[in-house]
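This briefing accompanies the sequence and structure shown below. It takes up the sheet and its strands, and then turns to contacts made by aromatic rings.

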Amino acid sequence: MGAATAFHSAACYAHGRFSNGVAYPTLSAIIGLSGWLPCSRTLRTKIESSQTAFRRAAALPIMLGHGRGDEAVTYRNGERSAEFLRNSGFSYLNFKAYNGLGHHTTPEEMDDVSKWLRARLGLDRSCG
């Protein structure tokens, strides 16, 4: 459910509001691993509702990772979610497939997440 929550957060951020109407805070990046996109029609409606929402969506960095062997959330569902996000205006999206990976993570995937975050957020490797 973490990736689904992250995708919902991306939609609320782009729209500028939570589902209840309260203003949404700033987001710097979204990461979703082995997940899927619920409420896709609602997402598209929120993005298409204004040019501001479309600009926010286009500028939000998103990384999605999904295992081709995922037994809980099929790879095709993850791939469709990435396609739908791109088609909804989230153009700064990186989708990476992992051969043989099920519904868990691996050191390779965590290394990719770490590298992606450092690059997007401008973090120095020497910090720590």
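In this predicted model, strand β1 (residues 30-33) and strand β2 pair in the parallel sense, and four bridges hold the pairing. On its other pairing, β2 is joined by six bridges to strand β3 (residues 93-98), and these two strands also run parallel. Strands of a sheet pair through backbone hydrogen bonds, in either a parallel or an antiparallel manner.

**The sheet as a whole**

- The three strands form an open sheet, in which the order is β1-β2-β3 and the pairing is parallel.
- β1 and β3 stand at the edges with a single partner strand each, so one side of each of them has no neighbour in the sheet.
- From one strand to the next, the twist averages 10°.

**Register and connection**

- Between β1 and β2, I30 has I62 as its bridge partner, while L33 stands opposite G65.
- Between β2 and β3, the bridge partner of M63 is N94.
- The chain passes from β2 through helix α4 (residues 75-87) to β3, and this β-α-β crossover is right-handed.

**Burial of the central strand**

- Strand β2, which spans residues 62-67, is mostly covered, with six of its six residues buried.
- In a regular strand the side chains alternate between the two faces of the sheet.
- Both faces of β2 are covered, since I62, L64 and H66 on one side are buried, as are M63, G65 and G67 on the other.

**The loop after β1**

- S34 is found in the loop between β1 and α2 (40-48), and this residue has a phi near 55°, a positive value in a residue other than glycine.
- Most residues other than glycine have a negative phi.
- With a relative accessibility of 8%, S34 counts as buried, because the cut-off for that class is under 20%.

**Aromatic pairs**

- The count of aromatic pairs comes to two.
- In the pair of F18 and Y24, the ring centres are 4.5 Å apart and the planes stand at 50°, so the pair is classed as tilted.
- The two members of that pair fall into separate accessibility classes, as F18 is partly exposed at 36% relative accessibility, whereas Y24 is buried with a relative accessible area of 15%.
- In the pair of Y75 and F95, the ring centres lie 5.9 Å apart and the planes are at 50°, so this pair is tilted as well.
- The pair of Y75 and F95 links distant parts of the chain, with Y75 in helix α4 and F95 in strand β3, 20 residues apart.
- Both Y75 and F95 are buried.

**Charges over rings**

- R68 lies over the face of Y75, at 4.6 Å from the ring centre, and Y75 is also the residue whose ring pairs with that of F95.
- The charged end of R56 sits over the ring of Y13, at 5.3 Å from its centre.

**Annotated region**

- An unreviewed UniProt entry lists residues 26-119 as "domain: Phospholipase/carboxylesterase/thioesterase".
- Over residues 26-119 the chain is 47% helix and 17% strand, and the C-alpha atoms at the ends are 18 Å apart.

Definitions and conventions:
Residues numbered from 1 in each chain as written. Predicted model: local features only at pLDDT ≥ 70, side-chain atom pairs only at ≥ 80, totals over all residues. Heavy atoms only, no water. Buried < 20%, exposed > 50% of the residue type's maximum accessible area, 1.4 Å probe, protein only. Pairing = 2+ DSSP bridges. Right-handed = clockwise from strand over helix to strand, strands pointing away. UniProt positions renumbered as here; feature names shortened; annotations may be inferred. Phe/Tyr/Trp six-rings, centres within 6.5 Å; stacked < 30°, edge-to-face > 60°. Lys NZ or Arg CZ within 6 Å of the ring centre and 35° of its normal. Axes fitted to C-alpha atoms, helices over the stretch in contact; angles between N-to-C directions.
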